[in-house]
Amino acid sequence: MLIRRALMTLAVFYLLGGAASCWVDYEGVIPCDPLKYTHKDFEVYNLDNRGAEAIVTHETVVNKHAFGIRLVMDRDEIVSSRFKNIFPIFSTPLYASDCIPNGYVAQDSISSIKIFTIADFDDEHAAGSDVSEYFSISSTSTFSVLSEYVNMHGSDHLYIDQLDGKLDMLLMTPPTDSGAHQFTVEITLSDERVIEQTTNAIDLLE
Amino acid sequence: MKKIIVLSLLVVISGIQVFAQDGPYASQIAINAGLGILTPVHTTFENGQLSDKLVGYKNTMVYWQTISGSYYFRKRLGVRIDLQLGFPNNPVAQRGAFESLILQEFGRDQYYVVENPAFEPLHSSNAYIWGTFMAGVVYRIEGLRWYCYPRISAGYSTIGVRDRDAYLKRKNSNEIIHVSYVRNVDLSVTSSFNLLAGFSTGYKLTNRLYVNADFSLMQSESDIQFTRSVVNVSNAQTLEESTIDYPNSILNFNANIGAVLVLRKRREFRDLK
């Protein structure tokens, strides 16, 4: 008898959960209340790209033709209220929805990524200038200038293992004069937050 | 032990001789089965030349003599058809060799080969079945046991054509270049016209079963071209674009061993057991 009652109780919860997941809007599409992520912070590292692949360097000197900056994003996942269920197994929708399975959408997308030089860079870019145009984000088969990249990927859907992703921004036009350089990376988010980080000083040599 | 082997051989040979009673030129219809290899006389890939074999497959290929038959309408003259099927190695297996060749061209001391995240489009892993169909005329020179059948044939072979590419990263630099060879034919398998000259030779084990070896030279002709592009990925600038001709004629050496089964004898031999 006790087992039967327990089973009945579970069945009621299951049916209620199923009924909730069956909610369909007037267009016949199941409303999607997706998992979201928010940009929290990021870290910057100097890159040495002399070899087959770019590596983070803590040296004070790097070849100016093989220099780059790595951004390591720090994002937090925001769990949807829909998935805050005391009985998680009952929260699985019975019908497919337009949500990306296990995917996270950006709550605050990236509006821009800019790089400012702290030292004089060349004749046209004195200290404090925006030198974003000299950097490209590389993914081997394509190189995108920062603005292009943001347009294409600023509000990407991500999976849980991509939340702490990295971006390699390679210096495609090195400074005319060799010497010590330092850069500030500024990320503007769609909620108007501005996060910035500064690289360690490094000598960019021929 | 030696005595046993010698005695066994004598028994086998005498047994064979009992069966091999027909005179020469007895067969009228015969079929062949065998296993062979096909390899270019002048290796293409190893010499650094471009060919579909560089782009797709290794030079040497093993094939099955799937359907092969001869019909002798005269004592010494007949016709022969051959259908051979082979299974070239997976083209992905050639990727490393291709990249090595490209690296050699651009300078190992200046570049690294780097992984291409868009690997799939140009490095399709689809293998294909190689096939050739040849038809020709065969002439017979036969003794009581040994025979030699010179022949000439013409026909078509399939050619697997694959696109290839490699990404090279310059040492001490952020620069990456993309080298690609893209075929000018829509299909990944096309055909070539072949001319073949060769001969079969062997030994008659019985009246109807021969051990056979086949040797030939096969000239393949095709008009495939590749577009070679070198693009600086860093700034999307095309550094080079040219058309590469597939070697219009490749001379292949073809060898196989197998058996000949006589299905029908000529009229004057049919009553012989």
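The following exchange discusses a predicted model and the terms used to describe it.

Author: In this predicted model, local features need pLDDT of at least 70 and side-chain atom pairs count only at pLDDT 80 or more, while totals for chains, interfaces and linings use all residues. Residues are numbered from 1 along each chain as its sequence is written, chains are lettered from A and ligands numbered from 1 in the order in which they are written, and side-chain values use heavy atoms, with hydrogens and water left out.

Reader: What makes A:Arg70 and A:Asp168 a salt bridge?

Author: A salt bridge requires a side-chain nitrogen of Lys or Arg within 4 Å of a carboxyl oxygen of Asp or Glu. The side chains of A:Arg70 and A:Asp168 meet at 2.7 Å, N to O, so the pair satisfies that rule. A:Arg70 belongs to strand β4 (residues 67-78) of chain A and A:Asp168 to strand β10 (residues 166-171) of chain A, so the pair ties together parts 98 residues apart in sequence. Strands here are DSSP runs (E, at least two residues), numbered from the N terminus.

Reader: How many salt bridges are there over all chains, and how many between chain B and chain A?

Author: The whole structure has 15 over all chains, whereas the count between chain B and chain A is zero.

Reader: How is it known what chain B and chain A bury between them?

Author: Buried area is the accessible area (1.4 Å probe) that two parts lose on being put together, summed over both. For chain B and chain A this comes to about 1,200 Å², 55% of it on carbon and sulfur atoms. The contact (heavy atoms within 4.5 Å) takes 15 residues from chain B and 16 residues from chain A.

Reader: Why is the second largest cavity called a cavity?

Author: On a 1 Å grid over the protein atoms alone, a cavity is a set of points where a 1.4 Å probe fits but cannot get out. The rule gives three cavities of 30 Å³ or more, and the second largest holds about 60 Å³ of space. Its volume is the space filled by probe spheres set on the points, which are joined across faces, edges and corners. Its lining residues (an atom within 4 Å of a point) include B:Ala30, B:Arg80 and B:Val260.

Note on methods
1 Å grid on protein atoms, 1.4 Å probe; cavity = no way out; pocket = protein on both sides within 12 Å on 5 of 7 lines; lining within 4 Å. Helix = DSSP H or I, 4+ residues; strand = E, 2+ residues; numbered from the N terminus.
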